[in-house]
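Biologist: I'd like to learn how to read a structure like this one. Could you take me through it?

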Amino acid sequence: MTERLYYKDQYIKEFQAQVVSCTEGKNGFEVILDKTAFFPEGGGQPGDRGFIGGVKVIDTVEKGEEVIHICEKAVEGAVDCALDFELRFSNMQQHSGEHVFSGVLHSMLGYDNVGFHMGENNMTVDFNGIVTADQLAEIERLSNEAVYANIPIESIYPTDEELANYDYRSKKEIAGQVRLTKIGDVDLCACCGTHVALTGEIGPIKAVSMMNYKQGVRITLQIGRKAFADYCEKNASVYAISNLLCAKTNEVAEAVEKLQARLKDADFRYAALKKELFAEKSKNASGESCLMFDDGASADDARVFDDMLADMVGVAAVFSGNDGEGYKYAVVSRESDVREMGKTLNTSLNGRGGGKPNMIQGSVSAKRSEIEEVWNNLK
Ligand SMILES: [Zn+2]
């Protein structure tokens with residue numbers, strides 16, 4: 001059975017140990033040590049990484065009573081071990097922060113934490129009840145107050161009798177000694193993870209989003225160093241938007257709303273002007289067929305233009321684009337089937353496309369003169 005050093009001191013970064021066994025597994029070499037400070041994945045907290053005898057540890061997991069270090073290469077004998085402590089400390093911040101947040105929420109609303117995932121960039125916590133936005137703001141505020149109060153985080157190992165008298169979260173039938181993590185009167189919870197010694201080390205606790213999930217809510221939290229990194233990223237983003245809009249940082253949403261309204265108005269006027277332009281361009285169109293070119297028109301614009309023309313001529317075609325980049329086309333007829341014309345255009349002009357009997361769309365890689373020639377032979 002591996003001696004678990006992290007339960008004696010969660011701040012051990014380096015230690016020496018003896019390799020008990022090393023076997024090749026699916027994901028690497030599975031190494032068991034006589035003692036370890038590497039925390040194995042469990043209770044929502046990811047497994048530790050680092051080095052054993054200079055060999056990279058990519059994950060740490062638990063198998064029965066043993067801690068398995070997944071290593072890139074084989075190791076043996078007496079080894080110097082080092083944790084990726086930046087990762088571990090961040091995991092401790094996340095885990096302790098989650099306890100504070102869940103403890104405050106439980107005291108206020110009575111809900112339980114029913115799911116917990118510590119990801120690369122943030123953490124999600126699921127609760128079995130609905131939380132309002134106002135309640136969430138108050139839970140956040142009280143959680144951060146608990147951080148400022150710098151409360152000691154203790155591990156207690158109660159007897160069965162003592163345990164029966166404790167009111168704690170995460171009550172499950174656990175065989176053997178139950179370990180409780182106590183944070184003053186903020187939280188008491190059964191937990192196997194590693195925690196910081198004082199709540200002040202957790203840093204900021206921020207709920208960045210909340211959504212309904214199953215019978216309750218899923219809350220995404222940013223805690224500690226990750227919260228700071230998230231703040232920096234969002235701050236840079238808000239300042240960039242603020243510069244682009246020439247608006248104060250706390251007025252960017254209002255500025256975007258104004259911009260959207262102006263854009264909507266401009267779109268409306270642009271559509272009206274286009275209609276006028278198309279009407280002007282098509283005013284002399286008549287007869288069996290008509291071919292028009294419009295550089296700059298979008299595929300949708302070309303179809304609107306074409307639709308207008310089709311009311312005046314038998315078969316109407318609009319090509320938008322230029323000789324360099326090729327053309328998009330739409331061919332419309334109120335009376336005849338234009339699909340055969342489409343096939344001819346595609347084969348003669350290196351194009352592709354198709355559609356319904358009265359309307360086809362596509363694109364061609366050809367010059368305007370070549371299109372005109374093929375079109376004239378079509379008639
Ligand atoms: Zn825990």
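Biologist: What radius of gyration does the protein have, and what would a compact globule of 379 residues have?

Modeller: The radius is taken over C-alpha atoms, and the globule rule is 2.2 Å times the number of residues to the power 0.38. That rule puts a compact globule of 379 residues near 21 Å, but this protein has 34 Å. Along the principal axes, its C-alpha atoms fill a box of roughly 100 × 50 × 40 Å. Keep in mind that this is a predicted model: local features need pLDDT of at least 70, side-chain atom pairs count only at pLDDT 80 or more, and totals for chains, interfaces and linings use all residues. Residues are numbered from 1 along each chain as its sequence is written.

Biologist: Which residues of helix α7 are buried?

Modeller: "Buried" means 20 or more other C-beta atoms, placed from the backbone, within 10 Å of the residue's own; "exposed" means 12 or fewer, and "partly exposed" is in between. Helices here are DSSP runs (H or I, at least four residues), strands are E runs of at least two, and both are numbered from the N terminus. In α7, residues 339-348, the buried ones are Met 341, Gly 342 and Leu 345.

Biologist: Why do they sit on the same side of α7?

Modeller: An α-helix has 3.6 residues a turn, so residues three or four places apart point the same way. Here the three cover an arc of only 100° around the axis (using directions from the helix axis to the C-beta atoms). Exposed Glu 340 and Thr 347 are on the face turned away from that buried side.
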